[in-house]
Protein chains: 2
Amino acid sequence: MTAIIGVDAFDVRFPTSLSLDGSDAMNKDGDYSAAYVVIRTDDPDLSGFGFTFTIGRGNDICVLAAKQRGLPLVGMAVEDVVTDLGGVYRHLKSDSQLRWLGPEKGVEHLAMAAVMNAVWDLAARVAGKPLWRLLTDMTSEELADVADLSYLSDVLTRDEAVALLKELEPTRADRVAELAETGYPCYTTSAGWLGYSDEKLRRLCQEAVEAGYKHVKLKVGASLDDDIRRLRIAREVIGADASLMIDANQVWDVPQAIEWVRALAEFEPLWIEEPTSPDDILGHAAIRKAVTPIGVATGEHGMNRVLFKQMFQAEAIDFCQLDSARLASVNEILAVYLMAKKFGVPVCPHAGGVGLCELVQHLSIFDYVAVSGSLEGRVTEYVDHLHEHFVDPCVVKNGAYMLPARPGYSAQMYDATLATFSFPDGDYWARATDS
Amino acid sequence: MTAIIGVDAFDVRFPTSLSLDGSDAMNKDGDYSAAYVVIRTDDPDLSGFGFTFTIGRGNDICVLAAKQRGLPLVGMAVEDVVTDLGGVYRHLKSDSQLRWLGPEKGVEHLAMAAVMNAVWDLAARVAGKPLWRLLTDMTSEELADVADLSYLSDVLTRDEAVALLKELEPTRADRVAELAETGYPCYTTSAGWLGYSDEKLRRLCQEAVEAGYKHVKLKVGASLDDDIRRLRIAREVIGADASLMIDANQVWDVPQAIEWVRALAEFEPLWIEEPTSPDDILGHAAIRKAVTPIGVATGEHGMNRVLFKQMFQAEAIDFCQLDSARLASVNEILAVYLMAKKFGVPVCPHAGGVGLCELVQHLSIFDYVAVSGSLEGRVTEYVDHLHEHFVDPCVVKNGAYMLPARPGYSAQMYDATLATFSFPDGDYWARATDS
């Protein structure tokens, strides 16, 4: 028997605010950060790695919450954990005292994501498979068992979930073979951060086109004049056939969103992302109705599966941008994928930040192989930041994520990264505080 | 000038799990707790006290978050703070890095509530008035200025808010005089905790009737047979004319809620409280439609004003049970009261826990005097626990909250309480850990 002997959590922060990487109308100066979890076992060669993503201050709060959330794992047998990933998830989330602090939202849910991401990484390592393969090797029944379907039975029962998965089970291998050739299509946000100059924007759009991207996303919402000028530049560079997406990062009220997006309609954006509060299901539905044919996309702050259920029920979104470190890991994400399939909404996961690209590539691959069976309207975010800190970084070629091959969920950071960017005592921050 | 010289936060926990006070179908063993905030000034006789409420584990996480959230207050002049309560609120909530951890939900929002509750307490103390009086002495314009109307303009503009408030401004004094006589009506949950025996339930219902209560609430949702037996006892004791409310604390999915509530319809409950996930706006709307004429009530876990906006838009609830320590204090609560007025939904605040009764009495009084002008369908929760720890405890007579008279928000705890119940080093917990 291999036993879990500890669940550690680390506060890792990168000084991205210095270069305005990641700047948008809501988040002007984020330091991309991870509340990074390591599940240690008594086998020195076996650990599980996971994290949630934040943008700086408060990352320590997620670390504290993750330590508490992970405590029940200590002393459990690895074999018991990896053979009952639904049971472990339900056990961790059953703490009613911690539940009060959400429920299933905010810091506690981010912490749950960090811990369960590490559990899934551990399971994939034990299986000797990349996470996407672990998932695509599970039967439809096994997948339905690990999915968190609670509070969802008005739109999706377990039987329906199994039936949805059964449809594609016989042909999974074909799609794995296909993706092994082509990779999973992605788009880049690296070009369009709000803090970048027009010259930098033009150059980065040009580079994106040359790198094979067919979609480019720009941040909007701080100034309408600036938005018009920047969108004109981008459309000029990428041409009429490529897709241009815009992202307001929640800065508008509903009426203002409608007005502003209509004023940008001439640039034919594929979608407007996060036009308003991420909690406003009915608001997104109203915006969608008013700005059609421009699509509405949201989800990176979508707090849990109950929110997504309603986004689907209310026909509020054209693109579902679930977040791999905000939803409570694969268990909850599976439920969202299944609902998205039922309602016919493509899932285009949020990524970027630190490590999110490493995670979402597994999810998108799994989705195509086992759930949606379609690439239509689907494109996964990619941002070219901070991959060098990961032992198994994502690989993007010709605008597509290549299939990860190494065991795990690609979540492990280098020890040197921890030594340098741990906050506040890592080398970088100790120096920054000194000077 | 008086300056704020520190914002402290304390982890205070009461061992309520020992007596099963507060037990329900979701929360079997809560230790009622407060993340308790003290704003210190350089005037030794002037501090502000506030808190958020939790049920035990994780209270330390809220304490940490409250300390961080309160930091920008340090060094500010008290005069500047209390004369710009809208500006202070917006300043505290403008931290985009902390916003990422919600936004406006979960631990970070609970912490915002704790800090801003203390700010409002401070403001009322400076004014030498109980909070309800501070609010009812503000003009309609001043109230609209402090209300957080962001993300709400699709249902309520500032002009509409002012107009709603103006209606009742001339007659506020009449209603203050009326409440000074009668108090604000409340109901008791103390009778119906799930962990109590039938005998204790019968006795407590009898005592509630004798104490003048016209409403009694029971917890349901663990076992239908038990619920039927307990509701029969309660209805027998309180009679056909008194109101019986039932509370499921979120244990059901939507279809199950409908089935279960219909099975209890013979006892004619006034409302079913928290039938499902607090996030499920459309689910509550579906349940409401299916169980009419039984009302649907929810809100104690209602995370923010955007959720309540949608509850009103979707006609999902008959009773709005906002929580004084989960919403971000008076600023956000004001917005919910104003929307409730517009949509004609009575607000019956959640209370109980520790200190929530002390807070909500001020809010209910303010609502009647300045916003709703009506007591119809309105009754505020009251639970007879832990009031002895407060310097200015609420006073309930004949089933009604008497008007608080002392300056502040009634949120201050005794020093002896902190010394005894601070976790883990207070006398009680140090002893409990030793033995």
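Tutor: Before we begin, a helix here is a DSSP run of H or I with at least four residues and a strand is a DSSP run of E with at least two, both numbered from the N terminus. The model we are discussing is a predicted one.

Student: What ipTM does the predictor give the complex?

Tutor: Since the model is predicted, it is sensible to begin with the scores of the predictor. Chain A has a mean pLDDT of 96, and 99% of its residues reach 70 or more. For the complex, the pTM is 0.97 and the ipTM is 0.96.

Student: Of what kind of axis is the relation between chain B and chain A?

Tutor: Two copies of a chain are related by a rotation about an axis together with a shift along it. Here chain B is superposed on chain A, with an RMSD of 0.0 Å, by a rotation of 180 degrees and a shift of 0.0 Å along the axis. That relation is therefore the one of a two-fold axis.

Student: Which residue of chain B has the C-alpha nearest the axis?

Tutor: The surface used is the same in both copies, as 100% of the contact residues of chain B recur in chain A. In chain B, the C-alpha nearest the axis lies 2.2 Å from it, and this C-alpha belongs to Gly106(B).

Student: Which strands stand at the edges of the sheet in chain A?

Tutor: The sheet is open and has three strands, in the order S1-S2-S3 of chain A, with antiparallel pairing. An edge strand has a single partner strand, so one of its sides is left without a neighbour in the sheet, and in chain A this applies to S1 (4–13) and S3 (47–54).

Student: By how many degrees does the twist average from one strand to the next?

Tutor: We stay with the open sheet of chain A, in the order S1-S2-S3. From one strand to the next, its twist averages 15 degrees.

Student: Which residue in S2(A) stands opposite Ala9(A)?

Tutor: Strands of a sheet pair through backbone hydrogen bonds, either parallel or antiparallel. S1(A) and S2(A), the latter covering residues 33–41, run antiparallel and are joined by nine bridges. Opposite Ala9(A) in S2(A) stands Val37(A).

Student: What angle does the direction of helix H1 of chain A make with that of S1(A)?

Tutor: Helix H1 (residues 59–70) of chain A packs on the sheet and touches S1, S2 and S3 of chain A. Helix H5 (residues 106–127) of chain A also lies across S1, S2 and S3 of that chain, running at about 150 degrees to S3(A). The direction of H1, compared with that of S1(A), makes an angle of about 170 degrees.

Student: In chain B, which residue of S3(B) is the bridge partner of Val38(B)?

Tutor: Chain B has an open sheet of three strands in the order S1-S2-S3, with antiparallel pairing. Its strand S2 (residues 33–41) pairs with S3(B) over eight bridges in the antiparallel sense. Within S3(B), the bridge partner of Val38(B) is Phe49(B).

Student: In the loop between which helices of chain B does Glu104(B) lie?

Tutor: Most residues other than glycine have a negative phi, and most peptide bonds are trans. Glu104(B) is not a glycine, yet its phi is positive, at about 55 degrees, and the peptide bond from Gly102(B) to Pro103(B) is cis, with omega near -10 degrees. Pro103(B) lies in the loop between helix H4 (96–99) and H5 of chain B. Glu104(B) likewise lies in the loop between H4 and H5.

Student: What value is omega near in the peptide bond from Phe423(A) to Pro424(A)?

Tutor: Pro424(A) is found in the loop between helix H17 (415–421) and helix H18 (427–434) of chain A. The peptide bond that leads to it from Phe423(A) is cis, and its omega is near 5 degrees.

Student: How are H5(A) and H15(A) oriented to each other, given axes that cross at roughly 100 degrees?

Tutor: The axes of H5(A) and helix H15 (residues 329–343) of chain A come within 7 Å and cross at roughly 100 degrees. Angles of 65 to 115 degrees count as roughly perpendicular. H5(A) and H15(A) are therefore, relative to each other, roughly perpendicular.

Student: How many charged residues does the contact of H8(B) with H15(B) have?

Tutor: The axes of helix H8 (residues 158–168) and helix H15 (residues 329–343) of chain B come within 10 Å and cross at roughly 75 degrees. Residues of H8(B), among them Glu160(B) and Leu164(B), meet Leu338(B), Lys341(B) and Lys342(B) in H15(B). By class, this contact has five nonpolar residues and no polar ones, while the number of charged residues is four.

Key:
Residues are numbered from 1 along each chain as its sequence is written. Chains are lettered from A and ligands numbered from 1 in the order in which they are written. This is a predicted model: local features need pLDDT of at least 70, side-chain atom pairs count only at pLDDT 80 or more; totals for chains, interfaces and linings use all residues. Side-chain values use heavy atoms; hydrogens and water are left out. Axes are lines fitted to C-alpha atoms, for helices over the stretch in contact, and angles run from 0 to 180 degrees between N-to-C directions. Contact means heavy atoms within 4.5 Å. Ala, Val, Leu, Ile, Met, Phe, Trp, Tyr, Cys and Pro count as nonpolar, Asp, Glu, Lys and Arg as charged, and the others, Gly among them, as polar. Copies are superposed by least squares on the C-alpha atoms of residues with pLDDT of at least 70 in both. pLDDT is the predictor's confidence in each residue, from 0 to 100. Two strands pair if DSSP finds at least two bridges between them. Angles under 35 degrees count as roughly parallel, over 145 as roughly antiparallel, 65 to 115 as roughly perpendicular and the rest as oblique.
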